Amino acid sequence: QNKLYFESARGTQPQWISFYLDLGKPRQLIDFGRMNRFKSSLPGIIRPDIILTPEGMTISELDSVPGGFGLTHQLNASYANLGYTVIGQSNGMTAGFRKMALDLAGHSKTNRTAASRSEVEKGAGRPELAMVISEESSDYRAEMGSFIKDLNGPDLGARICMPEEIYFTEEAVYIKNGEEKTPVNLLYRFLELFDYKNIPKIDLLLYASKKEKIITTPPFKAFLEEKLWFALFHHPALKPYWKNELGDETLEFLKPFIPKTWILDPRELPPYGVIPDLMLREKQVSRWEELFDAGQKERRFVIKPSGFSELAWGARGVKVGHDLSGRDWQESLRNALASFYQNPHILQEFHQGRKEDFVYFDEEARSLAKMSGRTRLCPYYFVSGSETMLGGVLATTCPADKKLVHGMSDAIMAPCSLISPPREKS
């Protein structure tokens, strides 16, 4: 993704790719994300959202600023202490985060002058990390506070703060707590870039990153936070690119897991133009308006903002086509098309999660109860250079009458473990 964007921006790949990915974003943020010094910077944590369907698994989106890893750490530790063999064991989440952070510290300008990579890992010139949590993400503050407490150690200092608690001098970046000032050289950005203009001291954070006073992950690259990448993955014009970059085996492996997705671009096609792989009543669709009169069974799609929007997380802006009236379906499509230049939307195939029965502890009744529900899996991958580590997997099961599977008050949340398949008899 990162490579394709930069190749598009400089014209060696079709420029409509970077055009789509830059839509609705402030020029300052676009230019910052394109700086050569950050060209190879990638998110330190990747979380696909996987829906378990009757046919298998499908990835509804890929999140590079994921919430929930603090909760997953707590659940892993609790279940492991009870004797369960969970993925990542009791400390997989903190171990993955620590490895990712130390890798960044070993390559940062600050720590290159303070100590070698091996010295950093032994405790010399200990990196200090700040997890900056915005007001928009404040609901996660409690779980992240517990995570940071367990992350803190002799090889890595860690603390959480709000953006307004960051201070900058020509020598260093500090977190100020009362009279105490703690210098930091690593910053985990737990804030969404759509909230860019509302984040206190955002210009300071950008400047400190630009001057290499701090290393920031995820990097300030808004184009990596777009859901429309799924549409680019399936675009026929980019098939040779993905084949060359991923190889035949990986490309064919991924295809079944990534649902067909289209960018809701209102611009008119030429008379012979069609929207790739989008069919209605055995006819190739060439105008979005053709979908307006689709029947309920024909509109098994979701409409959702691509990324740079306050509606693009927590399923806030998602519209399920077959769950809407005909009038609401038309209005949702019109609104999505009308917002193309400010806030592009995507149309994506809807995949129904499979229904299963689950047992949970009912706190009010103080006993076990059964619930029929559908499940989403969230594996957390920590990236350290060319290595990727799976720290844990969070399962969220929502009541079967809910069309969208995400965190909610009546969901069951639990860590996952691997169960080996039975051996075949010889």
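## Phe340 and its aromatic partners

In this predicted model, Phe340 is buried, with a relative accessible area of 0%. The ring of Phe340 takes part in two of the contacts described here, one with Tyr20 and one with Phe19, and the structure as a whole holds 25 aromatic pairs.

Phe19 and Phe340 form a tilted pair, with 6.4 Å from centre to centre and 55 degrees between the planes. This pair links distant parts of the chain, since Phe19 belongs to helix α2 (residues 16–22), whereas Phe340 lies in the loop between α13 (326–338) and β15 (345–349), 321 residues apart. Phe19 has a relative accessible area of 32% and is therefore classed as partly exposed, while Phe340, at 0%, is classed as buried because the limit for that class is under 20%.

Tyr20 and Phe340 form an edge-to-face pair, for which the centres are 6.1 Å apart and the planes stand at 80 degrees. Here too the pair links distant parts of the chain, with Tyr20 in helix α2 and Phe340 in the loop between α13 and β15, 320 residues apart. Both Tyr20 and Phe340 are buried.

## An aromatic cluster and charges over rings

Elsewhere in the model, one aromatic cluster is formed by Phe69, Phe97, Tyr140, Phe147, Tyr188, Phe190, Tyr380 and Phe382.

Two rings have a charged side-chain end placed over them: the charged end of Lys181 sits over the ring of Tyr174, at 4.7 Å from the ring centre, and the charged end of Arg189 sits over the ring of Phe220, at 5.4 Å from the ring centre.

## The four-stranded parallel sheet

Four strands make up an open sheet with parallel pairing, in the order β4-β3-β8-β9. Its edge strands are β4 (157–161) and β9 (215–217), each of which pairs on one side only. Ignoring direction, neighbouring strands of this sheet are turned against each other by 20 degrees on average.

Strand β8 (residues 186–190) runs parallel to β9 and is joined to β9 by three bridges; within this pairing, Leu186 stands opposite Ile215 in β9. In general, the strands of a sheet pair through backbone hydrogen bonds, in either a parallel or an antiparallel manner.

## The helix across the sheet

Helix α8 (residues 141–151) lies across three strands, namely β3 (128–133), β4 and β8, and runs at about 165 degrees to β4. Phe147, a member of the aromatic cluster, falls within the residue range of helix α8, and Tyr188 and Phe190 of that cluster fall within the range of strand β8.

Note on methods:
Residues are numbered from 1 along each chain as its sequence is written. This is a predicted model: local features need pLDDT of at least 70, side-chain atom pairs count only at pLDDT 80 or more; totals for chains, interfaces and linings use all residues. Side-chain values use heavy atoms; hydrogens and water are left out. Rings of Phe, Tyr and Trp (its six-membered ring) pair if their centres lie within 6.5 Å; planes under 30 degrees apart count as stacked, over 60 as edge-to-face and the rest as tilted. Helices (H or I, at least four residues) and strands (E, at least two) are DSSP runs, numbered from the N terminus. Buried means under 20% relative accessible area, exposed over 50%, partly exposed in between (1.4 Å probe, protein chains only). A charge sits over a ring if NZ of Lys or CZ of Arg is within 6 Å of the ring centre and within 35 degrees of the ring normal. Two strands pair if DSSP finds at least two bridges between them. Axes are lines fitted to C-alpha atoms, for helices over the stretch in contact, and angles run from 0 to 180 degrees between N-to-C directions. Contact means heavy atoms within 4.5 Å.
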